[in-house]
Amino acid sequence: MSADDTPQDREPPMRYDAPSCAYCPATVRACRQGTSATRGPGFCPSQVDALTLGEARPLYDAPETRQFAQTAAIIEGEGYGKWTRVEEIVAFAKRMGYRKLGIANCIMFVDFSRTLTGILESHGFEVASVACKAGNVAKEEIGVTDAQKVVPGGFEPMCNPIAQAELLDAHGSEFNIMLGLCVGHDSLFFRASKAPATVLVVKDRVLGHNPLAALMLADTYYARLWGPEKSRKSARLPRKSTRR
Ligand code: SF4
């Protein structure tokens, strides 16, 4: 133990509020071997909340969910390390028997949406696509002030993810593909989409739509990501429970 150790480092918590797989050491990760119930750390879901874990399991027995989960697992195995995500989407949609697909794209991704549409159509799918600005609804209608716009002083349409979901549903999409919607707008889209939805691209305007780069460089070029409570050493354990 060094003089630099924080109290958190020196006193492993005895109890945890929440599952904290993020702290699972590479040498453990026992769920991969099916042994988390016996080898999982104290913050493992199998230790913290075995009840909820157990309740989730039978939910896969519903026929539709089972087919979905099974197909996803089979695609994962068949394409592992070989197929791009686009190829995985095509294979998954074919295997699920979908005929009509929907694309919910950012207005900045219209050209990519067209390429994707062409690829999907070349595999025999029908495709509907809706851009985020469809509907021409002014941001003022949801309480955004002029000063809060990207470019104040003129008309600026709000992103309209609920309309994207409703339109794709109304036009028979059986499986939706999200292409570059903003943080929060994507959440609304997922909540409103009646068809199951997957993500092809997440938006990161700064990192070429590769937000993982921020995490890869979090201790160097993107150190600004950290908040004021960053500890001097990277934590090895979750924070202690505050429950009594
Ligand atoms: S489920 Fe348990 S064993 Fe698996 S990563 Fe999480 S903490 Fe580790």
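These are my notes on one protein chain and its ligand, taken from a predicted model.

**Overall layout**

I began with the secondary structure and found ten helices and four strands in the protein chain. Reading from the N terminus, I get the order α-α-α-α-α-α-β-α-β-α-β-α-β-α.

I then looked up the dimensions. The C-alpha atoms fill a box of roughly 60 × 50 × 35 Å along the principal axes. The radius of gyration of the protein chain is 22 Å, where a compact globule of 244 residues would have one near 18 Å. I also checked burial, and 18% of the 244 residues count as buried.

For contacts, I considered pairs at least 6 apart in sequence. Of these, 61% join residues at least 24 apart.

**Leu116**

I picked Leu116, which sits in helix α7, residues 110-122. Is Leu116 buried or exposed? I count 22 other C-beta atoms within 10 Å of Leu116. The cut-off for a buried residue is 20 or more, so Leu116 is buried.

Next I asked which residues Leu116 touches beyond its neighbours within four places in sequence. The contacts are Ile103, Leu179 and Leu200. Ile103 falls in the range of β1 (100-105) and Leu179 in that of β3 (175-179).

I also took a distance from Leu116 to Leu215. The two are 99 residues apart in sequence, and their C-alpha atoms are 28 Å apart in space.

**Helix α8**

I went on to α8, residues 161-170, and listed its buried residues: Pro161, Gln164, Ala165 and Leu168. They lie on the same side of α8, because they cover an arc of only 95 degrees around the axis. The general rule is that an α-helix has 3.6 residues a turn, so residues three or four places apart point the same way.

What do the buried residues of α8 pack against? I find three strands, β1 (100-105), β2 (126-131) and β3 (175-179), and one helix, α9 (185-192).

I looked just past the helix as well. Gly172 follows α8 and has a positive phi, near 80 degrees.

**Ligand shell**

Last, I listed the residues around the ligand. The cysteines there are Cys21, Cys24, Cys31 and Cys44. The shell also holds Val28, Arg29, Ala30, Ser36, Gly40, Pro41, Pro45 and Ser46. By class, I have eight nonpolar, three polar and one charged residues around the ligand. The charged residue is Arg29.

How values were computed: Residues numbered from 1 in each chain as written. Predicted model: local features only at pLDDT ≥ 70, side-chain atom pairs only at ≥ 80, totals over all residues. Helix = DSSP H or I, 4+ residues; strand = E, 2+ residues; numbered from the N terminus. Rg over C-alpha atoms; globule rule 2.2 N^0.38 Å. Buried ≥ 20, exposed ≤ 12 C-beta atoms within 10 Å, placed from the backbone. Contact = placed C-beta atoms within 7 Å. Near = placed C-beta within 6 Å. Arc of directions from axis to C-beta.
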